[in-house]
There are 2 protein chains.
Amino acid sequence: MKERDIRAVILAGGRGTRFWPLGRAARPKQFLRIAGPEPMLAETVRRIRPLVPPRRLTLIADAAQTRQARKLLPRLPPSSFLVEPEARNTAPALMLATARVWLENPEAVVAVLPADHLIQDRARFLARLRAGAEAAAREDALVIFGIPPTHPATGFGYIRHNRRAGRKIAGASFFPVLGFKEKPELAQAEKYLAAGGYAWNSGMFLWRAGVFAEKIRRHAPELEPAWTAMIAALRSKSAAALKRAFRLAPALSIDYALMEKAEGVLVADGDFGWSDVGAWSTLLGLWPKDAAGNAVRGATVTLDARNCLVWNPGRLTALVGVRDLIVVEAGDALLVCDAALDQRVKDVVELLKRSPECKKYI
Amino acid sequence: MKERDIRAVILAGGRGTRFWPLGRAARPKQFLRIAGPEPMLAETVRRIRPLVPPRRLTLIADAAQTRQARKLLPRLPPSSFLVEPEARNTAPALMLATARVWLENPEAVVAVLPADHLIQDRARFLARLRAGAEAAAREDALVIFGIPPTHPATGFGYIRHNRRAGRKIAGASFFPVLGFKEKPELAQAEKYLAAGGYAWNSGMFLWRAGVFAEKIRRHAPELEPAWTAMIAALRSKSAAALKRAFRLAPALSIDYALMEKAEGVLVADGDFGWSDVGAWSTLLGLWPKDAAGNAVRGATVTLDARNCLVWNPGRLTALVGVRDLIVVEAGDALLVCDAALDQRVKDVVELLKRSPECKKYI
């Protein structure tokens, strides 16, 4: 198997509010050290390094996030940072990043990776990524990593795929996609889990740049004016033209704008210990715990406390007689939350937005 | 009724650990602004001002606490501050404070007041104090304020008294004491409550200085060498002699050393909205609450949170889906505690004492 030209496009522009008060508008999840000793973005870059050297890497984010990313990753060349002209969901950003690759080498495989996911088995991840690049190239396919569901999650989109029509490529299994499903209600999620043949949409994709262009032409022609204008703008090196081209693309997710419409989409097994680290309680399953199930960052004293997550580095936290709590101290703001209700943290942020005195805490 | 010469002796030396992490060894309860806008000690001084002017006031505490008290109360004359030569419980301190008064005027009435109690009805308190001084003077009695029990508390000593032999003095009722009871178990406390004729020992006392001397002579002669030596040391103005005299007194509470032994002890009705503010959850009954029963100091956002007490001034606290919690942020340390278990906060302090890295948080 010849070494593929694999380009990584890291979506570094997430604006998570689920990790408030540690995560803020100016310090989103990908810059937090919650899933390891490094910020998640730095870990994402480090993780793919054996497969993708810095010069083949693109980080795509808005101007402010790009400034932060450059500070965090000073060794990356300036060409690695691609600033979104404006926030318009993932389709315009991935079209632009892929257009840049297409101009250099239409045969190159683009690997799209969110900056704020956790992968526990790094070696297997790299093997699966390599196989996925091979599948994308050989089959002229759009490849999407599907995560084998472990519970009826309602926070992910699901991908229905044909498990009988699977094929092995470079040691990994790939299945034709039958359809994309929106985030389901619990009852529906339970049905998916029981039925089998459904995987969580990880938001990690692989495609050959030329195939991406071809799929647009054949299955999503409404994207074509933007695509053509992007190519022209990149050739002319005109920032103004690029901005105009970017705005021609619909402000949609790439799933909705292209993946759901295209034929020849394959799902790849994301069996490498994936987590989107979607909320504070996720970390209860990731951090080391004491004998009573408490996972803590910072000095802690506990008396009859169980299954609590504490983020309070540099200070002391004392827990007395409490259970299943999320406790997060972030300088000017403190969160104390029932672990089962941590999805409501984003509602706290919404409440803060509405109060003039509280906007500073967002 | 002629105006009595009433002297207030404020016991300002408490070392509460129940308000950790706000309360510290260097910042005990009487210096905290937990029961009102002022520190409890300042409020105690202000409360009795209509009855006792500053020159008739003595604050007794150790050297460090006296330094803090002088900073807090800069208008009090230096003579108001009496430094305990060493920590030896209340008997030696109250003997010394009373001896000072005795030398000036044996007819003066000493009112002993802890610095860290809350009184809700100030006018009634002053009326009861005035009546108590009258009773102490007229009856040559040691007077102790007894609090009508509202529940079977296990955190207080109880005073059994003869409710049939009560008498009115200056508009207030006084009853002969029949016996002092140690802090009871719950079952015993329930019996006291059902039986009637029991009051909580408030630790607030009144006695004429000359009567105090006489009671020592007749009922607690083992205190006499210390008392005589204190009088001599105060006359000679020798600090060394005073220290020796202080050490002659047993390191006992005044209840144990004198009150329980003396005859002619009267209990006065402490019906003025008293609280010893014994632990964090007490404040749930004292602070204003929102519609969901949360009592907070500091900006707070709540989503489905009930009956929580929050101390976090100057920062934002968000509570999501939690119930009956005590949340206290004190700069370098944070407490999250089940409100029903706040008595265990002192156990946290004990744990911290045992850890070399954690001693700084005490």
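**Entry 1: strand β6 of chain A**

I started with the partners of β6(A) in this predicted model. Strand β11 (residues 265–269) of chain A runs parallel to β6(A), and 5 bridges join the two. I looked for a facing pair and found Val143(A) opposite Leu266(A) in β11(A).

Then I turned to strand β10 (residues 198–208) of chain A, which pairs with β6(A) in the antiparallel sense over 4 bridges. Here I noted Ile144(A) standing opposite Phe205(A) in β10(A).

Next I asked myself: are the residues of β6(A) buried or exposed? I checked strand β6 (residues 142–147) of chain A, and 6 of the 6 residues are buried, so the strand is largely enclosed by the rest of the structure. I also sorted its residues by direction. Leu142(A), Ile144(A) and Gly146(A) point one way, while Val143(A), Phe145(A) and Ile147(A) point the other way, and all are buried.

**Entry 2: the nonpolar core**

Val143(A) came up again when I looked at the largest nonpolar core, which has 243 residues. Which of its residues touch the most other members? I wrote down Ala111(A), Val143(A) and Val336(A), together with Ala111(B), Val143(B) and Val336(B). A general reminder for my margin: in soluble globular proteins, nonpolar side chains tend to be buried together.

I followed Ala111(A) a little further, leaving aside its neighbours within four places in sequence. Ala111(A) is in contact with Ile6(A), Arg7(A), Ala8(A) and Val9(A). Its other contacts on that list are Leu129(A), Ala133(A) and Leu206(A).

**Entry 3: two domains in chain A**

I looked up how chain A is divided, and found domain 1 (6–275) and domain 2 (280–361). Taken over C-alpha atoms, the centres of these two domains of chain A are separated by 30 Å. How many residues of each domain are in contact with the other? I noted 10 residues of domain 1 of chain A and 14 residues of domain 2 of chain A. On the domain 1 side, I sorted the touching residues by class and got 7 nonpolar, 2 polar and 1 charged.

**Entry 4: where chain A meets chain B**

Now I moved to the two chains together. I found 30 residues of chain A in contact with 30 residues of chain B. The elements of chain A that give two or more residues to this side are β13 (295–303), β14 (309–320), β15 (325–329), β16 (333–338) and α10 (345–354). Which element gives the largest share? That is β14(A), with 7 residues. By class, the chain A side divides into 21 nonpolar, 3 polar and 6 charged residues.

I also looked for strand pairing across the two chains. β16(A) pairs with strand β14 (residues 309–320) of chain B in the parallel sense, over 5 bridges. One facing pair to find on screen is Leu334(A) opposite Thr317(B) in β14(B).

**Entry 5: backbone oddities**

Before this entry I reminded myself that most residues other than glycine have a negative phi, and most peptide bonds are trans. Where does the backbone depart from that habit?

I found a cis peptide bond from Trp20(A) to Pro21(A), with omega near 5°. Pro21(A) sits in the loop between β1 (6–11) and α1 (40–48) of chain A. In chain B, the bond from Trp20(B) to Pro21(B) is cis, with omega near 5°. Pro21(B) lies in the loop between β1 (6–11) and α1 (40–48) of chain B.

I then checked phi. Ala170(A) is not a glycine, yet its phi is positive, near 50°. I located Ala170(A) in the loop between β8 (167–169) and β9 (172–181) of chain A. Why does Ala170(A) count as partly exposed? I found 15 C-beta neighbours inside 10 Å of Ala170(A), and a residue needs 20 or more to be buried and 12 or fewer to be exposed. Ala170(B) also has a positive phi, of about 50°, and I found Ala170(B) in the loop between β8 (167–169) and β9 (172–181) of chain B. With 15 C-beta neighbours inside 10 Å, Ala170(B) counts as partly exposed.

**Entry 6: how confident is the prediction?**

I finished with the scores. Chain A averages a pLDDT of 95, and 99% of the residues score at least 70. For the model I copied down ipTM 0.90 and pTM 0.90. One general caution goes at the bottom of the page: where pLDDT is low, the predicted coordinates should not be read in detail.

Key: Residues are numbered from 1 along each chain as its sequence is written. Chains are lettered from A and ligands numbered from 1 in the order in which they are written. This is a predicted model: local features need pLDDT of at least 70, side-chain atom pairs count only at pLDDT 80 or more; totals for chains, interfaces and linings use all residues. Two residues are in contact if their C-beta atoms, placed from the backbone, lie within 7 Å. Ala, Val, Leu, Ile, Met, Phe, Trp, Tyr, Cys and Pro count as nonpolar, Asp, Glu, Lys and Arg as charged, and the others, Gly among them, as polar. Two strands pair if DSSP finds at least two bridges between them. A nonpolar core is a set of buried Ala, Val, Leu, Ile, Met, Phe, Trp, Tyr and Cys residues joined through C-beta atoms within 7 Å. pLDDT is the predictor's confidence in each residue, from 0 to 100. Domain bounds come from an automatic or database domain assignment.
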